[in-house]
Each structure stands twice: as C-alpha cells, then as structure tokens.
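Subject: Structure handover

Hello,

Here is the structure I said I would pass on. Please look it over before reading the notes below it.

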Amino acid sequence: MGVGVITINLTKIDNFTLEDKDFVIQECDHTQNSISLQTPIAYVPEKNFWFKIIYLKIKKKYEINIKKDYDLTKNFLLVFIKDSALENFSIYYLRLKSNS
C-alpha cells in the first residue's frame, strides 16, 4: 500500500467489536484528500492531509519523528484514536517478521 498509517477510530466502534462492514478497502492513488478518519478503520497514505495531522500530533505528544524513526515501507504504524479532536490516541508499531 505504500508509506502511511492505519488508523482505528475507537469513537466509531461500538463496544470495541469489529464487524466485516468496519473493514472498508477502497482503491486510492495515495494522494487522495478524500480519505477520512470518520470510518472505524482507515489507511492514510503519507501524501494525505490526515497523515500530516497525525504526524504532527505524534511528534508533539511522543517526541517521535515517525518518518525518520520507523520504516513505514515495510512495517505498520497503528494509531488508535480515542477522541474526535485527535488529542487522545496511542500508537503501535508492528514489525513484519521475515521468513528468511
């Protein structure tokens, strides 16, 4: 999918359970600004407006530069959003295990 983050908007998930309808996969050219954090789960590419907002919030809250400190081309950064103002969130970095 390219460089980006996966957001899980906990304010859009009732009782913290996920259903098939929560996993919306759509084609994108990685530059779309129409991607929103209003869905329970979203992939936000690096060139999207929301990526820039998330990037700045993470840098401010955790003093981490995700573009320099993490390899987002081979691994995933999950952002759990806990409020609509994007002030309360947590991040998890998932490393993909190599089979070699």
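The notes below go from the overall layout to the sheet, then to the surface and the salt bridges.

Please keep in mind that this is a predicted model.

Overall layout

The protein has 2 helices and 4 strands. Along the sequence they come in the pattern β-β-α-α-β-β. Of its 100 residues, 35% are buried. The protein exposes about 7000 Å², and 52% of this area is supplied by carbon and sulfur atoms. If you count contacts between residues at least 6 apart in sequence, 51% of them join residues at least 24 apart.

The sheet

The 4 strands form an open sheet in the order S2-S1-S3-S4, and the pairing is mixed. S2 and S4 are at the edges with a single partner strand each, so each has one side without a neighbour in the sheet. On average, neighbouring strands are turned by 25° against each other, direction ignored.

S1 covers residues 4-9 and pairs with S3 in the parallel sense over 4 bridges. Two residue pairs can be used to locate this pairing in the viewer: Ile6 has Leu78 in S3 as its bridge partner, and Ile8 stands opposite Phe80 in S3. With S2, strand S1 pairs in the antiparallel sense, over 5 bridges. Here Val5 has Val44 in S2 as its bridge partner.

How much of S1 is buried? The count is 6 of the 6 residues, so S1 is largely enclosed by the rest of the structure. Both of its faces are covered, with Gly4, Ile6 and Ile8 buried on one side and Val5, Thr7 and Asn9 buried on the other.

S2 spans residues 41-45. Although S2 stands at an edge of the sheet, 5 of its 5 residues are buried, so S2 too is largely enclosed by the rest of the structure. Ile41, Tyr43 and Pro45 point one way from S2, while Ala42 and Val44 point the other way; all of them are buried.

Helix H1, residues 49-62, lies across S1, S2, S3 and S4. Its direction is at about 100° to S4.

Surface patch

Phe76, Leu94 and Leu96 make up a nonpolar patch on the surface. Together they have about 270 Å² of accessible area. One of the three, Leu94, is in strand S4. Leu94 has a relative accessible area of 40%, and is therefore partly exposed.

Salt bridges

How many salt bridges does the structure hold? There are 2.

One is between Glu46 and Lys67, where the closest N and O atoms are 3.9 Å apart. Glu46 is in the loop between strand S2 and helix H1, and Lys67 is in helix H2, residues 66-69, so this pair ties together parts that are 21 residues apart in sequence. The cut-off for a salt bridge is within 4 Å, which is worth having in mind when reading the 3.9 Å for this pair. Both side chains belong to partly exposed residues: Glu46 has a relative accessible area of 29%, and Lys67 has 44%.

The other joins the side chains of Lys57 and Glu87, at 2.4 Å from N to O. What parts of the chain does this pair tie together? Lys57 lies in helix H1 and Glu87 in the loop between strand S3 (76-81) and strand S4 (89-94), so the parts are 30 residues apart in sequence. Lys57 is partly exposed at 22% relative accessibility. Buried means under 20%, so the 22% of Lys57 does not count as buried. Glu87 is also partly exposed, with 44% relative accessibility.

In brief

The main points are the open sheet in the order S2-S1-S3-S4, helix H1 lying across its strands, the nonpolar patch of Phe76, Leu94 and Leu96, and the 2 salt bridges.

Regards

Methods: Residues are numbered from 1 along each chain as its sequence is written. This is a predicted model: local features need pLDDT of at least 70, side-chain atom pairs count only at pLDDT 80 or more; totals for chains, interfaces and linings use all residues. Side-chain values use heavy atoms; hydrogens and water are left out. Buried means under 20% relative accessible area, exposed over 50%, partly exposed in between (1.4 Å probe, protein chains only). Patches are made of residues with over 30% relative accessible area and no salt bridge: like charges are joined within 9 Å, nonpolar side chains (Val, Leu, Ile, Met, Phe, Trp, Tyr) within 5 Å. Accessible areas come from the Shrake-Rupley method with a 1.4 Å probe; for residues, only the protein chains shown count as cover. Contact means heavy atoms within 4.5 Å. Two strands pair if DSSP finds at least two bridges between them. Axes are lines fitted to C-alpha atoms, for helices over the stretch in contact, and angles run from 0 to 180 degrees between N-to-C directions.
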